[in-house]
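Grab your viewer and work through the exercises below. Each one sets a task and then walks through a solution.

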Amino acid sequence: MSTDTAALGRALLLPRHLAVLLLACVATLFAGNHVAARLAFDEGTGLLLAVLVRSAVALSVLVALFLWQGKRVSLPAGTGRWQLLAGLMVAIQSLCLYSAVARIPVVVALLLMNTFPIQLALLTWALGGPRPTLRAALIMAVILVGLVVVLDVPAWLSSPEALGPQWLPGVAFGLAAAAAFSCALWITEHHLGEVGSTLRSLLTMLIVFVMMIVAGALQLVPGGMALPVSGTGWGALAALGLLYSVAFSVLFISVPRLEMARNAPVMNVEPVASLLLGYLILGQMLSGMQLIGGAIVLGGIVVLSLSPR
């Protein structure tokens with residue numbers, strides 16, 4: 001029976017070239033979401049409003065999936081507070097990432113966000129998990145060197161005004177987004193394993209949605225609910241919600257057929273796509289040395305994701 005089940009599972013998998021193509025398209029959609037967010041921010045859109053719109057559209061999709069699958073809301077005992085904390089971490093991650101996107105080039109923000117595997121490994125170790133292997137530690141060191149290059153740290157240290165007043169806060173927000181996401185992943189792995197993936201995702205997005213409404217009502221972020229000042233801004237706001245929801249839905253529905261353990265590194269094409277889209281739509285460019293640093297970071301992240309646990 002187990003052999004038949006394994007054979008059926010293999011039969012349901014997409015051919016690898018199709019799986020890779022689908023993941024690359026999803027990563028490009030996610031990149032487009034962040035580029036659209038930057039365009040919306042440039043046109044006066046508030047930070048909270050952008051996250052609210054994105055989470056509202058994604059929540060609608062998840063509710064539809066939840067009802068279609070005929071599931072019911074039932075959390076195992078003791079998981080409620082962890083689900084709430086995970087949702088809070090995702091809300092913080094969303095706010096921090098969009099805050100970074102609003103201040104620094106989109107590709108730099110995403111490269112900073114993509115340091116979450118390093119932060120997750122260190123967090124797991126700090127909380128009693130396995131210590132990173134020497135190979136993993138060396139790869140992390142290479143990634144950090146690449147970040148130093150892509151962030152142009154030497155230039156910033158010698159002339160902070162050259163990169164503008166928003167550079168340092170943008171970098172801090174990008175790293176904070178990765179830290180919050182790492183916490184959410186750790187909580188999910190260690191405390192929410194018994195919660196169904198659809199319900200977990202739905203509750204997480206619901207928490208994000210409610211948090212944005214509360215933050216807006218309390219005016220915790222000045223101008224956070226500001227409306228776009230132009231048609232371009234409204235179009236970008238609609239696009240960020242649509243692009244994110246389409247990418248999220250396609251990925252969520254297709255995961256069982258994508259052999260993610262093998263193909264997940266393809267998702268690292270997101271910063272590359274954001275680099276191209278950022279140039280074409282926003283006119284954002286990196287120097288040759290920063291591009292080399294970005295390549296080092298991406299290469300290290302791919303190798304790290306392919307390494308044994």
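**Exercise 1.** Which residues of the largest nonpolar core touch the most other members?

Before starting, note that this is a predicted model, where local features need pLDDT of at least 70 and side-chain atom pairs count only at pLDDT 80 or more, while totals for chains, interfaces and linings use all residues. Residues are numbered from 1 along each chain as its sequence is written, and side-chain values use heavy atoms, with hydrogens and water left out.

*Solution.* Step one is the criterion: a nonpolar core is a set of buried Ala, Val, Leu, Ile, Met, Phe, Trp, Tyr and Cys residues joined through side-chain atoms within 4.5 Å. For burial, buried means under 20% relative accessible area, exposed over 50%, and partly exposed in between (1.4 Å probe, protein chains only). Step two, read off the hubs: in this core of 48 residues, they are Phe30, Tyr98, Met212, Leu240, Leu251 and Met267. Step three, see who contributes: α2, α3 (47–68), α4 (80–101), α9, α10 (197–217) and α11 (231–254) each supply at least two residues. The largest share, 11 residues, comes from α3. Helices here are DSSP runs (H or I, at least four residues), numbered from the N terminus.

**Exercise 2.** Check the end-to-end spans of helices α2 and α3.

*Solution.* The expected span is 1.5 Å times one less than the number of residues. Start with α2 (residues 16–42): its 27 residues should span 39 Å, and its end C-alpha atoms are 39 Å apart, so the two agree. Next, α3 has 22 residues and reaches 32 Å from first C-alpha to last, close to the 32 Å expected. Finally, look just past the ends: Gly44 follows α2 with a positive phi near 90°, and Gly70 follows α3 with a positive phi near 70°.

**Exercise 3.** Find the salt bridge and place its partners.

*Solution.* The test is a side-chain nitrogen of Lys or Arg within 4 Å of a carboxyl oxygen of Asp or Glu. A search of the whole structure turns up 1 hit: Arg38 with Asp42, closest N and O atoms 3.2 Å apart. The two are 4 residues apart in α2, so about one helical turn separates them. Now the accessibilities: Arg38 comes out buried because its value is 14%, whereas Asp42, at 46%, is partly exposed.

**Exercise 4.** Sort out the aromatic contacts.

*Solution.* Rings of Phe, Tyr and Trp (its six-membered ring) pair if their centres lie within 6.5 Å; planes under 30 degrees apart are stacked, over 60 edge-to-face, the rest tilted. The whole structure has 4 such pairs. Take Phe116 and Phe181: with centres 5.0 Å apart and planes at 85°, the pair is edge-to-face. Phe116 lies in α6 (residues 116–126) and Phe181 in α9 (residues 167–191), so this pair ties together parts 65 residues apart in sequence. Both rings' residues are partly exposed, Phe116 at 21% and Phe181 at 22%. Elsewhere, ring pairs link Phe30, Tyr244 and Phe248 into a cluster.

Last step, charges over rings (NZ of Lys or CZ of Arg within 6 Å of the ring centre and within 35 degrees of the ring normal). The charged end of Arg54 sits over Tyr244, 4.2 Å from the ring centre, and also over Tyr98, 5.2 Å from that ring's centre.
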